[in-house]
Amino acid sequence: MFSFPIPITTEPSIGRLAMRLSGFVRARLWLQVLFAMAAGVATGVAIGPTGGWLSYATAQVVSNWLAMPGYLFLAMVQMIVIPLVVASIILGMTSSRDMQQLRSMGLRTGLFFLFTTVVAAVIGLVIALAVQPGSYLQGAELPTATATAAQATSVPPSLSTLPSQIVRIVPTNPLQASVEQNMLQVVVFAIFVGVALVTMDSRLAKPLVDLLGAVQEVSMVVVRWAMYLVPAAVFGLMTQLTARMGLDALLGMGVYVLTVLGALLLAFGFLMVLYAVGRRRSPLAFLRGSRDVLLLAFSTSSSAAVMPLTIRTAEESLGVQQGVARFVIPLGTTINMAGTALYQVIATLFLAQVYQVDVGLSGLLLVVVLAVGASIGSPGTPGIGIVILAMMLGTVGIPAEGIALIIGVDRILDMSRTTLNVAGDLVAASVIDQHTARAEPAPPAPEGN
């Protein structure tokens, strides 16, 4: 009874932004990225310890300069992810019909993402225990240098501390939450603002909605600029990593890479089953409709960067209602990190096997809980998985220095798990849209005042 429809003025904006991102797909950005990866590995082998064309010191200088576009791309995406996510979530909420729909849709969305993230983490746990990828590197020379910056530990919640941790989800200072990139607090703030706008008089809410539309447009212009750097970024980062580690070290990680990719493939198959059951459509239709955005997600390693194209794909190719797509997908870009949780579980157990750390049953359960909890609310930007992993290792007694073993192959895994995250956003929007259409028919015409 307190809801007022708010006209959204950003529909042409979303369309324009998605069309611009589609241009990168038509230009075969994903193919450019694959070529850039191969060229980067070849260049790194040539100038690094394997090829020996340059001295070690010279190779590091050259690779650092070549990697500069990569770090610039990461910085640009991280710079703009907060305003993009905040604007998209609020605009998605204000496009909803009423508070009852918003409340029920939000609950279903949160439960769906929690369920798929837990399942993905369990898949990673089972595959890592079955394959034992770390056993193939036991006896190898392991990193021993102290990496104090990466040894931040996460204290598991207890019954006495749980209330205060729940309260801390609500940001006392939204600006500080943005500076620290505490995405869960940022999302909570955006939800509060979105609910307030829905319950306000539309005349008072419209100026802020229009402003957020402009913020979304500006954010995506910056993202589009960053996208032009992607091939050079991938080439430079792969050159730098190969020059530092050498080809032999990268090849020695092959079992670990195949383990993660196989687990991600199984998780993707699980999503296709959910789509077939929840949406009652063929997974092949989903693959045909979402091919472009999945390829772009693979190319950029950023679910936030491709979000406008993900929304348009859901609306036009998969038939999701606008109100559902523009609420579920921006929210999923922030809290749906199933691929990241799966990766963290396998990486943690891999390093435990390499260092021969007995995690135990309680440790395995703690790894799953921490992976799910830490991934929810993490920024949808490239490389965030390594940052979260560094916070997890100390909790289960694994040397954080082991990150040096896996960071060299993280690029291809980052691209793959981002693809799974974006696919999860699209599946969630499709399934929730199906349920919303069934459970919530159009509301009756409002009575006169």
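Trainee: Before we go further, is R291 buried or exposed?

Mentor: This is a predicted model, and in it R291 counts as exposed, with a relative accessibility of 53%. Its salt-bridge partner is D292, the N to O distance being 3.8 Å, and D292 counts as partly exposed at 35%.

Trainee: How many salt bridges does the structure have, and what should I look for in such a pair?

Mentor: Side chains of opposite charge can pair when their charged atoms come close. Here the count comes to seven salt bridges, including one between D210 and K206, whose closest N and O atoms lie 2.9 Å apart. These two residues sit four positions apart in helix α8 (residues 202–227), which means that about one helical turn separates them. D210 is partly exposed at 26%, and K206 is likewise partly exposed, at 33%.

Trainee: Which residues touch the most other members of the largest nonpolar core?

Mentor: That core has 119 residues, and Y256, I406 and V427 touch the most other members, while helix α3 (residues 56–94) gives the most to this core, with 15 residues. Leaving aside neighbours within four places in sequence, Y256 is in contact with several residues, among them P133, Y343, F350 and I406.

Trainee: Where does the charged end of R417 sit?

Mentor: The charged end of R417 sits over the ring of Y343, at 3.9 Å from the ring centre, and Y343 is also one of the contacts of Y256.

Trainee: How many helices and strands does the protein have?

Mentor: There are 19 helices and zero strands, and of the 449 residues, 54% count as buried.

Methods. Residues are numbered from 1 along each chain as its sequence is written. This is a predicted model: local features need pLDDT of at least 70, side-chain atom pairs count only at pLDDT 80 or more; totals for chains, interfaces and linings use all residues. Side-chain values use heavy atoms; hydrogens and water are left out. A charge sits over a ring if NZ of Lys or CZ of Arg is within 6 Å of the ring centre and within 35 degrees of the ring normal. Buried means under 20% relative accessible area, exposed over 50%, partly exposed in between (1.4 Å probe, protein chains only). A nonpolar core is a set of buried Ala, Val, Leu, Ile, Met, Phe, Trp, Tyr and Cys residues joined through side-chain atoms within 4.5 Å. Contact means heavy atoms within 4.5 Å. A salt bridge is a side-chain nitrogen of Lys or Arg within 4 Å of a carboxyl oxygen of Asp or Glu.
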